[in-house]
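Trainee: Please take one part of this structure and go through it closely, residue by residue. Then set the rest beside it, as far as there is something to say.

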Amino acid sequence: MSAASFRPRLPKATAQEQPAFLEIPPAMRVATEVVELLVKSAGTWLFEGHQFGLSDREWMALRFLARANRFSRTPSALAIFLGTTRSGTSEIAAQLRKKGLVIPEPSAEDRRSITLCVTSQGKKLLDRDPINALRDRIAALTIDDRSQLRHSLRRVLVQSDVAQREHNTDICSGCIFLIEDGAGSEHQFKCRRFRKAIASKETALLCTYFEEPGSRDLAAKTA
């Protein structure tokens, strides 16, 4: 008998066999259900075609640029966030510029780079962002439920990003590179990574170069 004609004999399925899901430990069942809910919710921001004139990737880019600090509103930082190549990101940015939603400006931090700034038209379009419906449902939860949901998801994503050696885009205020300096009228925030001062309001924005306190220790353990 040739290898091509060989067909392994598989056990016959019977009507009495229970679904594989019921064979895993209860704790893993709950975890599986959580993952399934996350996948289901992804339908609000991952979709075919266009919504309100933008593809899902263009929406991701626009909302990120609207929330990013000045160090992360660059083509390279956007590429890291989207998980795409520089050429793919350039195409997305070009489409946003063509639609009048984003304009490039010379970077104040690096003369060789540009900053992608959301226009007033882009800010207005964000009122129609497809994820707003999900955001509003989360906002309707109690403050304790919202906080616990955010905390739990952040912990899972941080561990996932560290394990995969990926950048973890998150809010500047929780980054190990952020320090406070001075007191009273001379009080200011500084970024040790970029060695630049940061306005207080910028610490509430997203940064592509974020590092969670303790993430390096976790990375060493998973190496």
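Mentor: A polar contact here is a pair of N or O atoms within 3.5 Å, and within protein one of them must be able to donate a hydrogen and the other to accept it. Keep in mind that the model is predicted. With that cut-off, start at Asp 170, whose side chain makes a polar contact with the side chain of Arg 154 at 2.8 Å. Asp 170 belongs to strand β3, residues 170–171. Its relative accessible area is 8%, and because buried means under 20%, Asp 170 counts as buried. Setting aside neighbours within four places in sequence, Asp 170 is in contact with Arg 154, and also with Leu 205, Leu 206, Cys 207 and Phe 210.

The strands that follow in sequence can be taken by their pairing. Strand β4, residues 178–181, runs antiparallel to β5 and is joined to it by four bridges. One of the pairs is Asp 181 of β4 with Gln 188 of β5. Strand β5 also pairs with strand β6, residues 196–198, in the antiparallel sense, over three bridges. There, Phe 189 has Ile 198 as its bridge partner in β6.

In a regular strand the side chains alternate between the two faces of the sheet. Strand β5 covers residues 188–191, and its covered face holds Phe 189 and Cys 191. Gln 188 and Lys 190 make up the uncovered face of β5. Two of the residues already met thus fall on opposite faces of β5: Gln 188, the partner of Asp 181, is on the uncovered one, and Phe 189, the partner of Ile 198, is on the covered one.

Between β5 and β6 the hairpin has four residues, and among them Arg 195 takes a positive phi near 55°. Arg 195 is a residue other than glycine with this positive value. Its relative accessibility is 77%, and since exposed means over 50%, Arg 195 counts as exposed.

Past β6 comes Thr 203, in the loop between β6 and β7 (206–207). Thr 203 is buried, with a relative accessible area of 10%. Its side chain reaches the backbone oxygen of Ser 200 at 2.6 Å. Not counting residues up to four places away in sequence, Thr 203 touches Ile 171, Cys 172, Ser 173, Leu 178, Phe 189 and Ile 198. Two of these residues, Phe 189 and Ile 198, are the bridge partners named above. Thr 203 is also 13 residues from Lys 190 in sequence, with 9.7 Å between their C-alpha atoms.

Now the helices, for comparison. Two packed helices are described by the angle between their axes and the distance between the axes. For helix α3 (residues 75–82) and helix α4 (residues 86–98), the axes come within 9 Å and cross at roughly 105°. That makes α3 roughly perpendicular to α4. On the α3 side, the contact is made by Pro 75, Ser 76, Leu 78, Ala 79 and Leu 82, and on the α4 side by Arg 86, Thr 89 and Ile 92. By class, these residues are five nonpolar, two polar and one charged.

Helix α2 (residues 56–67) also packs against α4, their axes coming within 10 Å and crossing at roughly 80°. That makes α2 roughly perpendicular to α4. Here Arg 57, Glu 58, Ala 61 and Leu 62 of α2 meet Ile 92, Gln 95 and Leu 96 of α4. This contact has four nonpolar, one polar and two charged residues. Ile 92 of α4 takes part in the contact with α3 and in the contact with α2.

Within α3, Pro 75, Ala 77, Leu 78, Ala 79 and Leu 82 are the buried residues. The elements that cover them include α2, α4 and β2 (114–118). After α3 comes Gly 83, with a positive phi near 70°.

Phe 52 is a residue other than glycine with a positive phi, near 55°. Phe 52 lies in the loop between α1 (26–41) and α2. At 44% relative accessibility it counts as partly exposed.

How values were computed: Residues numbered from 1 in each chain as written. Heavy atoms only, no water. Axes fitted to C-alpha atoms, helices over the stretch in contact; angles between N-to-C directions. Parallel < 35°, antiparallel > 145°, perpendicular 65-115°, else oblique. Contact = heavy atoms within 4.5 Å. Nonpolar A, V, L, I, M, F, W, Y, C, P; charged D, E, K, R; others polar. Buried < 20%, exposed > 50% of the residue type's maximum accessible area, 1.4 Å probe, protein only. Pairing = 2+ DSSP bridges.
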